[in-house]
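Please open the structure in your viewer and keep the selection tool at hand. The stops below say what to select next and what is there.

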Amino acid sequence: MAATFAEAFHSSDWAWNAGWLHDLGKATNAFQSYLLRQNDLDDADYDADGSVSNHASAGAAYAQDQLGLPGKILAYVLAGHHAGLPDWDAGETGNAALSIRLEEGRQNLATISKHAGAVRANLRSLTRPVYVAQDNAHFWMRMLFSCLIDADRLDTESFCEPEKFASRGDFPTIGTLAPKLFQALEELERKAVASEVNTIRAEIRQACEAAAENTPGLFSLTVPTGGGKTLSAMAFAMRHALRHGKRRIIYVIPYTSIIEQTAKTLGGIFGPENIVEHHSNLDPERSTQRAEMAAENWDAPVIITTSVQFFESLYAAKTSSARKLHNIANSVVILDEAQMLPPELLTPCVDAINHLVSCFGVTLVLATATQPALPKLLPAREIIPNGLNLYARLQRTKINLPTDWQARTAWEDLARKLSAHEQVLCIVNTRRDCYELFSLMPEGAIHLSALMCGAHRSEVISEIKRRLMAGAPCRVISTQLVEAGVDIDFPVVYRALAGLDSIAQAAGRCNREGKLNASGRLGGVQVFIPPNPAPPGLLRKGEDTMREMPAIPGFDPQEPTSYTRYFENYYAKLNATTGRPGSKIIFNHDLVRDFPHVSFRTAAREFRMIDDAQQAVLVRWGDNDSLLNELRCIGPTRENMRALQRNCVNLPRRHVRAFHARGLIEEIQPDFWLWIGKYDRITGLDLFGEGFTVEEQIF
């Protein structure tokens with residue numbers, strides 16, 4: 001089974017040997033005695049001293065001793081098939097290090113030489129995968145590891161839970177799903193009102209389908225916000241998968257809020273039962289057993305997941321995270337909003353992209369309205385022909401930059417300007433800014449920030465859409481969370497000074513459907529300089545970079561070439577430090593490139609796309625009291641954790657004890673905190689009376 005999985009990247013012989021060797025250590029008397037005792041079948045012929053060796057280390061030691069360097073590669077895979085990929089040196093991992101476990105394995109081998117010889121007869125000669133260089137061999141080793149883990153778990157499942165095993169893989173094929181997509185797209189185009197925007201969306205789709213005939217590799221899809229990028233990217237992926245025999249389509253999205261929107265759209269086309277969502281916010285009521293099993297190893301034709309899940313899995317050491325990796329090979333990956341890759345992890349993310357494309361048959365699409373200039377990225381082929389001139393034809397807004405870059409706008413003055421508009425969106429940089437500006441707005445204004453739990457925000461966004469559709473007054477003060485793919489359409493948008501990508505995303509919430517164009521007008525996007533600079537860190541770097549851009553000859557904030565210039569300057573500023581105390585801009589590649597002494601476990605710990613400086617705090621919302629009581633009384637379960645996921649607000653972890661001392665939060669289970677202070681139905685968690693600084697409340 002492992003060998004079959006590894007065919008996708010031409011390494012079947014390696015996976016075959018891993019499959020034969022992984023449980024060699026179970027032949028020891030100690031382990032056999034353990035099995036008999038566990039099944040009440042004690043046998044005096046076995047040593048029943050009660051000690052059970054770590055069975056995974058014996059096969060690892062045998063591989064290294066018998067197969068040389070190839071065996072050392074296999075040793076990592078074999079030793080980690082239960083505990084996870086190890087580091088070579090002890091370091092912080094102590095006795096879990098491979099160098100130590102190999103010695104343990106050799107001691108066990110002495111008692112099972114007869115069995116080892118029998119296994120040796122079944123091993124295959126190994127061919128060196130010539131496309132794997134030593135500085136990126138760790139990706140290939142993870143893929144081998146994935147093949148072994150998935151095969152081992154599935155083989156066990158087929159024996160222990162045959163009904164569950166038999167129900168796996170019961171998904172329609174890409175070939176079956178493709179007609180559903182293209183029929184839906186044709187229907188959408190037939191029903192679409194006649195407009196320049198809808199004409200251009202149809203042209204974008206046609207360009208995507210035409211480009212799908214190209215040979216596999218790395219592509220970019222640069223489409224202005226509102227150009228129908230999601231469905232057009234899916235059309236490319238489907239055509240390309242059919243044309244080149246790709247096994248699945250993996251849609252990678254930076255935020256769970258966009259995932260839910262995308263999953264709803266694609267579920268409406270393919271049927272929700274035919275796509276697999278793999279993210280933390282999945283509602284248990286929408287999760288089937290079939291989908292849950294497919295999420296374990298991504299054995300389904302269409303996967304929708306987060307960039308956190310995708311990239312952290314590529315650097316993972318844990319078996320549960322790495323199990324699915326082999327199913328990424330020979331797939332089409334759509335990386336949506338590619339500019340959202342975390343700058344401090346940009347190099348390892350780009351390495352992963354390059355390696356998937358060059359070594360594992362992946363066609364990867366970088367889809368965004370603001371294409372970043374990713375350093376050291378392989379050359380990407382742009383899907384949209386220059387002749388379509390999308391940005392000029394899809395221009396629905398006029399971005400007005402400050403005329404005086406030193407003049408700051410007081411909140412009171414800004415509130416008066418905003419109040420003069422019936423429908424207006426204002427996006428600011430911090431939760432505190434949002435709260436302070438909102439408090440100056442007239443009654444009926446709407447507040448939107450990450451101090452509101454996810455369920456609360458969803459209700460508010462629905463109300464915003466209702467007001468906009470009805471033509472009712474709608475004045476919204478929001479943090480940048482509204483820029484993350486939220487499908488709303490305002491005639492006027494104000495944006496606090498930020499990076500060019502943020503300004504462009506804000507503009508995507510203005511005149512989104514081009515309704516103003518029919519009367520010869522453009523939506524107005526006004527960039528203003530707020531009373532205080534953005535907090536130190538990535539937001540400040542973006543603001544500082546944007547201040548320098550107008551001095552560049554020919555700079556136009558609505559020209560796609562300006563994004564390239566902006567990102568080049570932005571990444572240059574981040575070359576040494578993110579500006580966040582204690583953080584690193586460059587992932588330590590020595591951890592994975594010191595071949596063959598790879599530090600898998602330490603690398604996995606360091607490659608974190610979500611900052612663990614934040615603590616999720618539960619809030620009371622809707623009818624979740626029974627779930628909170630269940631958590632308090634019996635502890636976390638898979639069901640109550642998923643159900644409560646959208647009832648959380650993230651707060652600085654360093655202040656949790658202070659919140660507790662002030663009687664604002666309660667620890668209802670170890671490391672599970674409940675907010676017992678005020679939670680406002682309008683503004684969410686009431687924090688700003690507690691004296692926290694702007695720097696402490698970034699989002």
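Which residues touch the most other members of the largest nonpolar core? Select Met238, Phe310, Phe311, Leu314, Ile328, Phe360 and Ile464, which hold that place among the 194 residues of this core. A nonpolar core here is a set of buried Ala, Val, Leu, Ile, Met, Phe, Trp, Tyr and Cys residues joined through side-chain atoms within 4.5 Å, and buried means under 20% relative accessible area, with exposed over 50% and partly exposed in between, for a 1.4 Å probe and protein chains only.

Before going on, note that this is a predicted model, in which local features need pLDDT of at least 70 and side-chain atom pairs count only at pLDDT 80 or more, while totals for chains, interfaces and linings use all residues. Residues are numbered from 1 along each chain as its sequence is written, and side-chain values use heavy atoms, with hydrogens and water left out.

Now colour helix 4 (residues 56–79), which gives the largest share of the largest nonpolar core, 13 residues. Helices (H or I, at least four residues) and strands (E, at least two) are DSSP runs numbered from the N terminus. Centre next on Ile464, which, leaving aside residues up to four places away in sequence, touches Ile446, Leu448, Cys474, Val476, Ile488 and Phe490; contact means heavy atoms within 4.5 Å. A second, separate core has 17 residues, among them Trp411, Ala415, Cys426 and Phe528.

Turn then to the open sheet of seven strands, whose order is 3-4-2-5-6-1-7 with parallel pairing. Strand 3 (276–278) and strand 7 (381–382) are at the edges with a single partner strand each, so one side of each has no neighbour in the sheet. Two strands pair if DSSP finds at least two bridges between them. Within this sheet, select strand 2 (residues 249–253) and strand 5 (residues 332–336), which run parallel and are joined by four bridges, with Tyr251 opposite Ile334 of strand 5.

Follow the chain from strand 5 into the loop that leads to helix 16 (346–359), where Glu337 is found. Its phi is near 50°, a positive value in a residue other than glycine, and Glu337 is buried, at a relative accessible area of 12%. Most residues other than glycine have a negative phi.

For the next stop, select strand 12 (residues 492–496), where five of five residues are buried: Val492, Tyr494 and Ala496 lie on one side, Val493 and Arg495 on the other. Strand 12 pairs with strand 9 in the parallel sense over three bridges, Leu425 having Val493 as its bridge partner. Strand 12 is also joined to strand 13 (residues 523–528), again in parallel, by five bridges, and here Tyr494 stands opposite Gln526.

Between helix 21 (500–507) and strand 13, select Asn511 in the loop; this residue, too, has a positive phi, of about 50°, without being a glycine, and it counts as buried at 1% relative accessibility.

Helix 19 (residues 431–438) is also mostly covered, with six of its eight residues buried. These are Arg431, Arg432, Asp433, Cys434, Leu437 and Phe438, and the elements that they pack against include helix 18 (411–419), strand 9 (423–427) and strand 15 (648–652).
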